[in-house]
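Good morning. Please have the sequence and the model open, and I will go through a few places in turn.

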Amino acid sequence: MTQEWWREAVVYQVYVRSFADGDGDGVGDLPGMRSRLPYLADLGVDAVWLTPFYSSPMADGGYDVADYRSVDPLFGTLHDAAGLIHDAHELGLRVIVDIVPNHTSDQHEWFRAGLRDHYVFRQGKGARGELPPNDWQSVFGGPAWRRVADGSWYLHLFAPEQPDLNWENPAVRTEFLDILRFWLDLGVDGFRVDVAHGMVKAEGLPDAGRENQSELLSDAPLPYFDQDGVHDIYREWRRVLDAYPGDRMAVAEAWAPTPERTANYARPDELHQAFNFHFLRADWAADAMRPVIDAMLSTGVPPTWVLSNHDVQRHVTRYGGGETGLRRARAAALLMLALPGSAYVYQGEELGLPEVLDLPESALRDPVWERSGHTDRGRDGCRVPIPWTSTGPSLGFGAGPGWLPQPEAWAKLSAAEQHGSPESMLSLYRKVLRLRRVLPFGEFSWLDLPEGLLGFRRGEFHCVVNFGPSGARLAEPGEVLVASSYHGLEGGEVLLPPDTALWWA
Ligand code: TEU
């Protein structure tokens, strides 16, 4: 049997609202996305992951789902979804969809019908139940409980419009197995499981016991995340996935405290992969990157690598911004795409887009902005619509202005501008993704290199990154396949400038 496709796949994340707007209403949609499939096939990725496009009041950009089996009119129709899956498959691209099982929208029929057993309702504390049932904090800020008319409280780990489901209720479990089947029947190749570490809460809902609960990768356990019982759910899900032909898969969005705890989600009888957020969080330094890579590889589960997504500051900016950030992002691409396992590329990362830090406050749509009492600007800065061309009201995103304004400087970063330029970020990604498909990768081992350098080999293939502040010399390494920035050759040595990565074989 050939190897399962997802093990080495490069998956491109499409944040549907911001990718391509087919009908000119300012919001990206499925027909727009469908029209850009040839771009993705040409880029050289293996699969696409689509963020939620289901019926939703959009309190959290679609992560508040009102109906898991329908497409929101803003994004198109079920027919568009089926057409997109069909076209993607024709182009050799797999399709992964998002599934949001921790919570529904407060407009979901269960919540509207007042089905309390489907959610987490409790009586409050205090003489008249006027205090929340415990000290849990919402990830978006403030208490995780909201009081309703009869005086009881319901749990919402995210926005109040996103009530947490009660996974102790068998009706909830059965419904989600059925939702999985619905999309599998429509032809999807897999699922990205939203807040995969959240569904099961500690017995009795005990206090977290500390005020600051916002660090998602904290070592201190929280009674509402990463509870052991959640794994029973995935064992059920896996049986559903395995009953379908064609290597269907699921990847966990699990913010577990350690790489080992994260690895628990990717098991032969559970989900297939889990995002490696420790890699995403690592600073731009050899001694920060190496331990997280080691930790991932030593867990023994199929490795994954991710640098950016729709929830975090884009890594060009995280790594220092400006020319430095871009240079580092180029080197990071070579690092990530050389490591064994699969990689997740966030839309616009292949264009070197930075975080947009100066969006006008009136334009902000992320609930984090409201919920944090206007102290945290939230995640809109990484969700600005993609620039496809250098002109037009939204740089080719759609026929009219996009739902968030794009910086003027993005005209130069557009896909069309970069396409013909051999030195562009887009050309680098295209080149590297092509090489990755044909290189005969062998067994992984670290190279013994001076401080500031990080390097490894996979058989004859080598990757070295210079994280240090000064240039480094490497003994003539054989055939240079690609470098992330200019490198020199001198007297049988390669000169590797700071913040540069090199592949050779
Ligand atoms: O995110 C889960 C999560 O805990 C974080 O990524 C969080 O959104 C962020 O740190 C807050 O600043 C998932 C989705 O990826 C995210 O877009 C949704 O908002 C969230 O779940 C709720 O569904």
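I start in a loop. D499 sits in the loop that lies between β20 and β21. This is a predicted model, so please keep that in mind throughout. Phi of D499 is near 55°, which is a positive value in a residue other than glycine. Is D499 buried or exposed? D499 is buried, because 25 other C-beta atoms lie within 10 Å and the cut-off for buried is 20 or more.

Now take the strands on either side of that loop. Strand β20 covers residues 493-496 and is joined to β17 by four bridges, the two running antiparallel. One of the pairs to look for is R473, whose bridge partner in β20 is L495. Strand β17, residues 472-475, has two faces: A472 and L474 are on the covered one, R473 and A475 on the uncovered one. That fits the general rule that side chains in a regular strand alternate between the two faces of the sheet.

On the other side of the loop is β21, residues 500-504, which is joined to β18 by three bridges, again antiparallel. Here A483 has L502 in β21 as its bridge partner.

β21 and β18 belong to an open sheet of five strands, with the order β14-β15-β16-β21-β18 and antiparallel pairing. Which strands stand at the edges? They are β14 (444-446) and β18 (480-483); each has a single partner strand, so one side of each is left without a neighbour in the sheet. On average, neighbouring strands of this sheet are turned by 15° against each other, ignoring direction. Helix α11, residues 322-338, packs on the sheet and touches β16 (461-466), β18 and β21. The direction of α11 makes about 40° with that of β21.

Next, the domains. The chain is divided into domain 1, which is 5-102 + 170-436, and domain 2, which is 441-504. Their centres, taken over C-alpha atoms, are separated by 30 Å. Domain 1 gives 20 residues to the contact, and domain 2 gives 17 residues. On the domain 1 side, the elements that give two or more residues are α9 (286-298), α11 and α14 (425-438). The largest share of that side comes from α11, with nine residues. By class, the domain 1 side has 14 nonpolar residues, one polar and five charged.

Stay with α14 for a moment, since R430 is found in that helix. R430 has 17 C-beta neighbours inside 10 Å, so R430 counts as partly exposed. R430 touches L43 and G44, if residues up to four places away in sequence are not counted. For a sense of distance, the C-alpha atoms of R430 and P132 are separated by 52 Å, and the two are 298 residues apart along the chain.

Last, the ligand. There are 13 residues around the ligand, and D60, Y63, F158, V195 and D311 come nearest. How does the shell divide by class? It has eight nonpolar residues, one polar and four charged.

One of the nearest residues, V195, lies in the loop between β9 (190-193) and α6 (230-242). V195 has a positive phi of about 45°, although it is not a glycine. V195 is buried, with 21 other C-beta atoms within 10 Å. So both loop residues I have shown, D499 and V195, are buried.

That is the end of the tour.

Technical notes:
Residues are numbered from 1 along each chain as its sequence is written. This is a predicted model: local features need pLDDT of at least 70, side-chain atom pairs count only at pLDDT 80 or more; totals for chains, interfaces and linings use all residues. Two strands pair if DSSP finds at least two bridges between them. Axes are lines fitted to C-alpha atoms, for helices over the stretch in contact, and angles run from 0 to 180 degrees between N-to-C directions. Two residues are in contact if their C-beta atoms, placed from the backbone, lie within 7 Å. A residue is near a molecule or strand if its C-beta atom, placed from the backbone, lies within 6 Å of it. Ala, Val, Leu, Ile, Met, Phe, Trp, Tyr, Cys and Pro count as nonpolar, Asp, Glu, Lys and Arg as charged, and the others, Gly among them, as polar. A residue is buried if 20 or more other C-beta atoms lie within 10 Å of its own, exposed if 12 or fewer, and partly exposed in between; C-beta atoms are placed from the backbone. Domain bounds come from an automatic or database domain assignment.
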